[in-house]
Amino acid sequence: MDLHSLKIFQSVAKMGSISQAARELQYAQSNITMKIQQLESDLQTTLFYRHNRGTALTDKGSMLLTYTEKIFDLIEETKNMMKDDQTPRGPLIIGSMETTAAVRLPVLFSKYHKDFPEVDLTLKTGSTEQNIQAVLQNELDGAFVAGPINHPDLIQKEVFEEELMLITDTVHPPISSIKDIQTRTLLVFHAGCAYREKFELWLKQEKMIPNKIMEFGTIDGIIGCVAAGLGISMLPQSVIAKREQDGLRQHPIPNQDGKVKTVFIYRKDKYAPASLIKFINMLSDEEGLLDSKS
């Protein structure tokens, strides 16, 4: 078993077809087949099921793919470590919840970009669950998510705390109990959003089933529809404070702890380049940088 054979195996596994892998790698199909057969012989196991539409991984094949990806990630990490002279440069991909990206990160990113112009800083937004999985799969260098996060492969650093508020249009009466919203449509982010999960958990604890749930992919979509009277939502107060002119009314959450910690996560077992170390240090060094009132 060698790296070349593993690269071919990885390509076939991801393409789901020997012929497609051959085109991708620009090899003869017979060479791909021979390499896979040789790998199966070396490991004394069957890695693929063959069918009319191509190939599918066996259980052993799925296990080998997991280890193969770890091997190539480790090789890439080793190369990066050898080339790293502790000068922040190159790509740095940070994930964030939509709300955090909109309100908390512009000042931080602006300062980081000015201090380290050789870093190619990229921001990708997604739900807490999406960001966690992306960090674990090495698609993100780090991410801002709702905490706490308990995972053996992740380090978390608390950066600030959000206070959640219910928001309605301006004509909605004060909300004093869960019964005041039981007939309203809930406007929420897609599944995996920590704020949505907290909202739904609160309703479940109160034994209330929402009348209707509408999902949105952006803050602007939710806020615009709330202001138009379509329904009710739960968002961080820092977001609402920036939108006071948008026809919104905010309500404290009745008899409910509406505070949620936002943490920055990154992999524990992965070499941290200088660009990421400087980013993490900035979270600690710049007091008030993530304050929504900055």
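Let me begin with proline 148, which sits in the loop between S5 and strand S6 (154-169), where helices (H or I, at least four residues) and strands (E, at least two) are DSSP runs numbered from the N terminus. Glycine 147 and proline 148 are joined by a cis peptide bond, with omega at about 0°. As background, most peptide bonds are trans, and most residues other than glycine have a negative phi.

I should say that this is a predicted model, in which local features need pLDDT of at least 70 and side-chain atom pairs count only at pLDDT 80 or more, while totals for chains, interfaces and linings use all residues. Residues are numbered from 1 along each chain as its sequence is written, and side-chain values use heavy atoms, with hydrogens and water left out.

On confidence, the protein chain averages a pLDDT of 88, and 95% of the residues score at least 70; pLDDT is the predictor's confidence in each residue, from 0 to 100. Among the elements of the chain, strand S5 (residues 142-146) has the highest mean, 96, and helix H10 (residues 237-241) the lowest, 85.

Turning to backbone angles, glutamine 26 is not a glycine, yet it has a positive phi of about 60°. Glutamine 26 is found in the loop between helix H2 (18-25) and helix H3 (29-43). Is glutamine 26 buried or exposed? Because its relative accessible area is 73%, glutamine 26 is exposed, given that buried means under 20% relative accessible area, exposed over 50%, and partly exposed in between (1.4 Å probe, protein chains only).

Asparagine 138, in the loop between helix H7 (128-136) and S5, also has a positive phi, near 65°, and with a relative accessible area of 28% asparagine 138 is partly exposed.

Asparagine 138 brings us to the largest pocket, since it is one of the residues nearest the pocket's centre, along with Asp73, Glu77, Asn80 and Lys270, in a lining of 31 residues. A pocket here, on a 1 Å grid over the protein atoms alone, is an open set of points where a 1.4 Å probe fits, with protein on both sides within 12 Å along at least five of seven lines, and lining residues have an atom within 4 Å of a point. Helix H4 (59-83), strand S3 (90-96) and helix H11 (274-285) each supply at least two lining residues, and the largest share, nine residues, comes from H4.Finally, threonine 185 lies in strand S7 (residues 185-189), and at 12% relative accessibility threonine 185 counts as buried.
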